[in-house]
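Trainee: Got a minute to go through this one with me? I'd like to take it piece by piece.
Mentor: Fine. Put it up and ask.

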Amino acid sequence: MYLYIQTPPVNNSNKVAHLVEHCVHNKENLSISEYFNICDIDAETSFWYTKFNLHHFDIKKFIHAIEYPLTNKLIKKELQALNEELQEKIFTQKIRKITEKALNIKEDNRINYKEIITYHKKYYNKNHYIITDENYDIIQIWIKTIKDTNRKPQILQKIHKRISWEANTLIVLKYSHWKDQIIANFIEILIDTRIEYQERYMKWIYTYQCSSMIEGTNYITIAIPKLQYNIEYEFFDNAKKYYKELLNDWKIRENQIINVLYKNQLPSKAMIQEFIESISYETIQGYITDK
Ligand SMILES: [Zn+2]
């Protein structure tokens, strides 16, 4: 069972949300038996949400525990641990920095204790929860979803940059609609299958190259390695069919939940299928080719 909490960024940073995640499953002077009550909880903070994997935990008890008010002392202790964790420079953070510089978005990481306590109160309550089972089927949703508005995905920037062996072009899309996320996700899968087909099956070379999708304040960045080949129509067409089948897959279904957490939108599977069908070869070419 998973518990998702809507935890939006503060000043274009997810540090407050991340710190709150650390605080809610810790407490001062944790006893051994209390430790064994929490040691199996996996938590992760993305840019707009926090996810807890509850395994065998009792959901009611867990929700009760995380809603318990935070104290300054606890925040201070956890902040120390968090700063150590953030020392590691990861690929995602690098991409986010480059994108935000290009879009002129300023990230502010400063932490204010009062703000953290208020943030916790504001978001760690039932108006912001989704509970799903292990297959990402929604068991309970408290977040109010809004009606779909029709909008075409929009490219904000294309940035050519070699970050590591993984990325050469960053395609930055505006993220204000579920379609933006679906198209980014489709491009990611299209690129990865095309690389695998070429390298692994045509050239018999094992490859680690792949693309990645990074969600930020109001954008999605797709980092793609330099492609040595065209994506031909036949490949595109088959990838579309493949993606529609993937809509039954847990990863894509989790994306649906993420859309609610990001934008309060919950499109049906039929709506997504229809949208995928409407994507033209020319549109995708325009997205992925250089310049
Ligand atoms: Zn952490």
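**Strands, sheets and the domain contact**

Mentor: I'll begin with a strand pair: strand 6 and strand 7 are paired antiparallel, with five bridges between them. Keep in mind that this is a predicted model.

Trainee: Which residue stands opposite Ile 155 in strand 7?
Mentor: Leu 173 is the residue opposite Ile 155.

Trainee: And what sheet do strand 6 and strand 7 belong to?
Mentor: An open sheet of four strands, ordered 6-7-9-8, with antiparallel pairing. Strand 6 (155–160) and strand 8 (212–215) are its edge strands, and each of them pairs on one side only. On average, neighbouring strands in this sheet are turned by 20° against each other, direction ignored.

Trainee: How many bridges join strand 7 to strand 9?
Mentor: Six, between residues 169–174 of strand 7 and residues 219–224 of strand 9, and the two run antiparallel. Thr 169 faces Ile 224 across that pairing, and Val 172 has Thr 221 as its bridge partner in strand 9.

Trainee: Is strand 7 mostly covered or uncovered?
Mentor: Mostly covered, with five of its six residues buried.

Trainee: Which strands does helix 7 lie across?
Mentor: Helix 7 lies across strand 7, strand 8 and strand 9, and it runs at about 5° to strand 9.

Trainee: OK, zooming out. What does the domain assignment give for the chain?
Mentor: Two entries: domain 1 covers 2–141 and domain 2 covers 155–288. Their centres, taken over C-alpha atoms, are 27 Å apart.

Trainee: How many residues does each domain put into the contact?
Mentor: Domain 1 puts in 23 residues and domain 2 puts in 24 residues.

Trainee: Which elements supply the domain 1 side?
Mentor: Strand 1 (2–6), helix 5 (91–102) and strand 4 (129–132) each contribute at least two residues to the side that touches domain 2. Helix 5 gives the most, nine residues.

Trainee: What sort of residues are on that side?
Mentor: The side of domain 1 that touches domain 2 has 13 nonpolar, seven polar and three charged residues.

Trainee: Next topic, the largest nonpolar core. How many residues, and which have the most contacts inside it?
Mentor: It has 54 residues, and Phe 186, Ile 187 and Ile 222 are those with the most contacts inside it. Helix 7 (residues 178–202) provides the largest share of this core, nine residues.

Trainee: Where does this core lie relative to domain 1 and domain 2?
Mentor: Between them, because both domain 1 and domain 2 give residues to this core. As background, nonpolar side chains in soluble globular proteins tend to be buried together.

Trainee: What does Phe 186 touch?
Mentor: Leaving out residues up to four places away in sequence, Phe 186 touches Tyr 243, Ile 276 and Ile 279.

Trainee: Back to sheets. What is the strand order in the open sheet of five strands?
Mentor: The order is 2-3-1-4-5, with antiparallel pairing.

Trainee: Why is one side of strand 2 and of strand 5 left without a neighbour?
Mentor: Strand 2 (42–45) and strand 5 (138–141) are at the edges of the sheet and each has a single partner strand, so one side of each has no neighbour there. Neighbouring strands in this sheet are turned by 15° against each other on average, direction ignored.

Trainee: How does strand 2 pair with strand 3?
Mentor: In the antiparallel sense, over four bridges, with strand 3 made up of residues 49–53. Thr 45 stands opposite Thr 50 of strand 3. Helix 1 (residues 15–24) packs on the sheet, where it touches strand 2 and strand 3, and its direction makes about 165° with that of strand 2.

Trainee: What about strand 1, how many bridges to strand 3?
Mentor: Five, and strand 1 and strand 3 run antiparallel. Ile 5 stands opposite Thr 50 in strand 3.

Trainee: And strand 1 with strand 4?
Mentor: Those two pair over four bridges in the antiparallel sense, and Tyr 2 is opposite Thr 132 in strand 4.

Trainee: Last one. How many residues of strand 1 are buried?
Mentor: Four of its five residues are buried, so to speak of strand 1 as mostly covered is fair.

Conventions:
Residues numbered from 1 in each chain as written. Predicted model: local features only at pLDDT ≥ 70, side-chain atom pairs only at ≥ 80, totals over all residues. Domains from an automatic or database assignment. Contact = placed C-beta atoms within 7 Å. Nonpolar A, V, L, I, M, F, W, Y, C, P; charged D, E, K, R; others polar. Pairing = 2+ DSSP bridges. Axes fitted to C-alpha atoms, helices over the stretch in contact; angles between N-to-C directions. Buried ≥ 20, exposed ≤ 12 C-beta atoms within 10 Å, placed from the backbone. Core = buried A, V, L, I, M, F, W, Y, C linked by C-beta atoms within 7 Å.
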